Amino acid sequence: MNKDWSDKNKKMQTLIGKEATFPEGIDVLIDLRNNLFEQITSIAKNYPAEAFYLMPFAGADGYHSKTLIYSMWHIFRIEDIVAHELIAKDEQVLFTGNWLKKTKSPIITTGNELHDEGIAEFSKKLDVKAVYEYCRAVMESSNEILKKLTYKDLKRTFTDADKKQILKSKSVSTDESAVWLIDYWRDKDVKGLLKMPFSRHWIMHIEAMCRITNKLCQKAKKGVDQIAYCGLSCAHCFLKDWCGSCRTKYNTCSYAKCSPDGVCPNAACCRKKGLDGCYECDDIRDCKHGFYSLGKEVHAIKSMSLFIRKYGKKEVQTVLENLHKKQDFEKVQEVLGDDIDQGLRILEENR
Ligand code: SF4
Ligand code: SF4
């Protein structure tokens with residue numbers, strides 16, 4: 001489990017357990033939820049439409065066997081039902097916000113009753129942007145409920161009348177793979193619910209979503225040129241496990257992610273100029289486009305580009321292998337420094 005998330009989750013559980021620290025515990029819970037939601041935002045913003053219905057781990061045992069969009073729907077349908085039917089005893093966000101129509105979902109349930117092909121078919125029908133907005137609306141609505149809770153509320157339990165209310169809402173399928181959820185929730189108190197649908201359940205599914213995106217990225221870049229437009233080598237990049245390279249639609253390079261529409265200016269400029277990469281451009285030394293606008297910080301990447309221009313892509317990868325054998329480093333800048341010519345010299349000395 002991601003250490004930061006796990007630590008915050010443990011801290012929240014300890015803090016909400018005592019009256020004096022309960023408000024701080026709720027703050028930690030909301031902070032954890034914000035951190036986790038950032039991950040969902042990053043996925044929703046950066047991956048192509050197909051990524052949301054593909055199942056790279058189809059048939060596996062675990063949450064990673066689902067799709068990205070199913071996971072998002074499932075996490076927030078569960079939270080919406082629990083937060084509103086059980087805790088606040090008011091109407092679910094799904095209905096107050098007309099989200100069924102907006103998301104194009106054919107079901108109002110949590111999706112537990114769906115399996116394999118059923119999940120894939122369901123996933124293709126959903127509007128990704130609308131589902132993301134629904135998730136956000138549920139999170140914000142639940143956060144308001146959480147902020148109003150008192151320490152005394154934690155011991156509140158649920159009754160058969162609550163169970164009947166959920167059944168009446170038809171929000172949980174009566175299929176045996178789903179209906180158990182109602183008893184599971186009814187048998188918990190509010191504290192028990194905070195520890196699962198509002199926190200741990202998110203962590204487990206979001207970690208599975210990261211596994212799915214990583215796998216999709218690895219699949220996407222198989223057989224693709226491993227030298228990026230700017231001159232970086234994907235095989236030696238510290239992001240290699242979770243980026244699909246800027247030569248595929250699974251580009252999650254941090255620089256591309258912070259650029260408008262997720263398109264890296266260097267990649268866009270090369271494509272516009274009909275160049276294979278910046279290493280073919282005569283303006284590279286003085287270029288301040290996109291990634292190169294970071295100046296000295298990325299002069300090492302310009303050194304790599306100039307090296308590629310002189311010796312080719314295969315040779316730069318061999319040199320990087322040599323450097324990695326000699327020294328432990330994460331970013332090539334740590335070895336090549338911030339002087340373009342000196343970086344080029346170091347690369348040449350390690351041929
Ligand atoms: S900075 Fe741009 S060109 Fe370089 S690896 Fe990232 S997306 Fe590709
Ligand atoms: S102008 Fe800059 S970003 Fe564009 S191809 Fe040349 S070096 Fe790359």
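## A tour that starts at K170

Select K170 to begin: this residue lies in the loop between α8 and α9. Helices in this tour are DSSP runs of H or I with at least four residues, strands are runs of E with at least two, and both are numbered from the N terminus. K170 is not a glycine, yet its phi is positive, at about 60°. K170 counts as exposed because 11 other C-beta atoms lie within 10 Å. The cut-offs work like this: a residue with 20 or more other C-beta atoms within 10 Å of its own is buried, one with 12 or fewer is exposed, and anything in between is partly exposed, with C-beta atoms placed from the backbone.

Before you move on, a word about what is on your screen. This is a predicted model, in which local features need pLDDT of at least 70 and side-chain atom pairs count only at pLDDT 80 or more, while totals for chains, interfaces and linings use all residues. Residues are numbered from 1 along each chain as its sequence is written, and chains are lettered from A and ligands numbered from 1 in the order in which they are written.

**The whole chain**

Zoom out. You should find 17 helices and 0 strands. Along the principal axes, the C-alpha atoms fill a box of roughly 75 × 45 × 35 Å. Of the 351 residues in the chain, 38% are buried. Contacts (C-beta atoms, placed from the backbone, within 7 Å) often span the sequence: among those between residues at least 6 apart, 69% join residues at least 24 apart.

**Helix α9**

Now select residues 176-186, which form α9. Which of its residues are buried? They are L181, I182 and W185. Looking down the axis of α9, you see these buried residues within an arc of 95°, so they line one face of the helix; the arc is that of the directions from the helix axis to the C-beta atoms. This fits a general rule: an α-helix has 3.6 residues a turn, so residues three or four places apart point the same way. The buried residues of α9 pack against α3 (68-88), α8 (160-169) and α10 (190-194). Turn to the other side of α9 to find E176, S177, W180, D183 and Y184, which are exposed.

**The nonpolar core**

From W185, step to V82. Leaving out residues up to four places away in sequence, V82 touches I87, W185, L193 and P197. V82 also belongs to the largest nonpolar core, where the residues with the most contacts inside the core are L68, I69, M72, V82, V131, C135 and M304. A core here is a set of buried Ala, Val, Leu, Ile, Met, Phe, Trp, Tyr and Cys residues joined through C-beta atoms within 7 Å. This one has 89 residues, and α3 gives the most, with 13. At least three residues come from each of domain 1 (3-214) and domain 2 (225-349).

**Two domains**

Colour the chain by domain: domain 1 is 3-214 and domain 2 is 225-349, with bounds from an automatic or database domain assignment. Their C-alpha centres lie 40 Å apart. Where they meet, 6 residues of domain 1 are in contact with 7 residues of domain 2. On the domain 1 side, the elements giving two or more residues are α2 (22-46) and α11.

**The ligands**

Next, select ligand 1 and the 13 residues around it (C-beta atom, placed from the backbone, within 6 Å). The closest are A228, C230, C246, C253 and C264. Two or more residues of this shell come from each of α12 (254-257) and α13 (265-273). The shell divides into 11 nonpolar, 2 polar and no charged residues. Here Ala, Val, Leu, Ile, Met, Phe, Trp, Tyr, Cys and Pro count as nonpolar, Asp, Glu, Lys and Arg as charged, and the others, Gly among them, as polar.

Ligand 2 also has 13 residues around it, and C269, C278, C281, C287 and H289 come nearest. This shell holds 8 nonpolar, 3 polar and 2 charged residues.

**Last stop: C237**

Select C237, in the loop between α11 (196-220) and α12. C237 counts as partly exposed because it has 18 C-beta neighbours inside 10 Å. Leaving aside neighbours within four places in sequence, C237 is in contact with L232 and C243. Add K331 to the view: C237 and K331 are 94 residues apart in sequence, but 7.0 Å apart in space, C-alpha to C-alpha.

Key:
Two residues are in contact if their C-beta atoms, placed from the backbone, lie within 7 Å.
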